[in-house]
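Here is a predicted model to work through by question and answer. Look at the sequence and the fold before reading on.

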Amino acid sequence: MQTGHHKKPPLRWLNVAVLGIPTLVSLIAVPWYGFTHGYDAYEWLWFLLLMTFCELSITAGYHRLWSHGAYKAHPVLRFIYALGGACALQSDCLTWASDHRRHHLYVDDTEKDPYCAKLGFWYSHFEWMIRDYPSTRADLTNVKDLLKDPILVWQRKHYLALLLVMNVGVPVLLGWWHGNIWGSFLLAGFLRLTLSQHFTYLINSAAHAWGKRTYDPQQTARDNWVIALLTFGEGYHNYHHTFAWDYRNGVRWYHYDPTKWLIKCCAWLRLARDLRSCSSYRIEMTRIAVQYQQALLRCEALQDEAGTWKEKLESEYAKLVAALNAWSDTRHAWLQAKSAALSQELQQELDALKARYKQLKQQLQCHQSEWRTLLEHLGGLHLARA
Ligand SMILES: [Zn+2]
Ligand SMILES: [Zn+2]
């Protein structure tokens, strides 16, 4: 542990119990019961369903909706998220969002970021919750907007009752229906709670330790698709820290981000609206600007005295930026023309714009390919010198 924490603050025993007891039960009682009695498909199904319910309530509700305002949600959806958040047992949403907003505002600041990754993997994973660190003390001054949401105020007021209903009442009831309380209580209760908590905590620990820093290399947040698999899409964390208000974390169509798919489906069902997203132009500009800066450093390290590589890099970068600008402007003009009234004359103009847009898209793809080849070449040279 680094400076400022030589003498560790006292433990918060309630949090130690809330984290420790489910973990111990999951490590000891869950496998023991499995070997001696076994679990059936009904119990595993409810484990998966409740796991999904908890994780999505945190990712789509606590995180993207309430902490970041990435979209607006119907009260029915907000109520479901509030129940799922109590089921996930990660504190009430107002506290969670307040901590999370400070995490974004002060990311990597060892004094102010409540789960600062620079204070170590285990600190950011769970230690920040079990000790009385000053940066983790409740302070709701940064969630005044959320205090106007009656569902969140209600959830906070009845949090203890809600967490007991969701974590004890529901699993026991499911077991009682099935004729075996213990199997459901252990799987859909304890194991589901332990795994859903630790999977979420991986975003604060692992997603700040391993992966690529594509959009902002200055901070610890990383893009990691393996973590995305466990966290319903939250593993693209460098992107998220760069464009936190985007309802997506995985921006490419092939990125595994079930939270984004859920929000999109809710929008079709009119349960969500005003989805905010960053334009592909801005995303691409940010990405290539980072690559350019990193490649410049490589050129310097190569002792490129004649400046040949640097010159080539600057020229390719300028061409790529120009192609991106031309593509984006034409796309914008084409989309605008498309939404205008379609007279015969305008139709011809629209067809011409469309053809130009397609041509520019092809040109952009050529420049992107040349850019990638140049970066790969520079990377290879750099490795050979190292
Ligand atoms: Zn983070
Ligand atoms: Zn966030």
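**From one proline to the whole chain**

Student: Leaving aside its neighbours within four places in sequence, which residues is Pro258 in contact with?
Tutor: Two residues are in contact if their C-beta atoms, placed from the backbone, lie within 7 Å. Once the neighbours within four places in sequence are set aside, the contacts of Pro258 are Phe232 and Gly233.

Student: How far should I trust the model, and how do I find a residue in it?
Tutor: Because the model is predicted, local features need pLDDT of at least 70 and side-chain atom pairs count only at pLDDT 80 or more, while totals for chains, interfaces and linings use all residues. Residues are numbered from 1 along each chain as its sequence is written, and chains are lettered from A and ligands numbered from 1 in the order in which they are written.

Student: Why does Pro258 have the exposure class it has, and which class is that?
Tutor: Pro258 lies in helix α12, residues 258-268 (a helix is a DSSP run of H or I with at least four residues, a strand a run of E with at least two, numbered from the N terminus). A residue is buried with 20 or more other C-beta atoms within 10 Å of its own, exposed with 12 or fewer, and partly exposed in between. Pro258 has 19 C-beta neighbours inside 10 Å, so its class is partly exposed.

Student: Is Leu77 buried or exposed?
Tutor: Leu77 is found in helix α4, residues 75-88. Because 22 other C-beta atoms lie within 10 Å, Leu77 is buried.

Student: How far apart are the C-alpha atoms of Leu77 and Ala272?
Tutor: Leaving aside neighbours within four places in sequence, Leu77 is in contact with Cys266, Leu271 and Ala272. Leu77 and Ala272 are 195 residues apart along the chain, yet their C-alpha atoms are separated by 8.1 Å.

Student: How is α1 oriented to α9?
Tutor: The axes of helix α1 (residues 13-27) and helix α9 (residues 181-204) are 9 Å apart, at an angle of about 115°. Axes are lines fitted to C-alpha atoms, for helices over the stretch in contact, and angles run from 0 to 180 degrees between N-to-C directions. Under 35 degrees counts as roughly parallel, over 145 as roughly antiparallel, 65 to 115 as roughly perpendicular and the rest as oblique. The angle therefore makes α1, relative to α9, roughly perpendicular.

Student: Which residues of α7 make the contact with α4?
Tutor: α4 packs with helix α7 (residues 150-157) at about 25°, with the axes 10 Å apart. That angle means that α4 is roughly parallel to α7. From α4 the contact takes Pro75, Arg78, Phe79, Ala82, Gly85 and Ala86, and from α7 it takes Ile151, Leu152 and Gln155.

Student: Which residues in α14 are buried?
Tutor: Helix α14 (residues 308-339) has 32 residues and reaches 47 Å from its first C-alpha to its last, close to the 46 Å expected at 1.5 Å a residue (the expected span is 1.5 Å times one less than the number of residues). Its buried residues are Leu313, Leu320, Ala323 and Trp327.

Student: How many of the residues of the chain, as a percentage, count as buried?
Tutor: There are 15 helices and two strands in the chain. The C-alpha atoms fill a box of roughly 70 × 60 × 45 Å along the principal axes. Of the 386 residues, the share that counts as buried is 37%.
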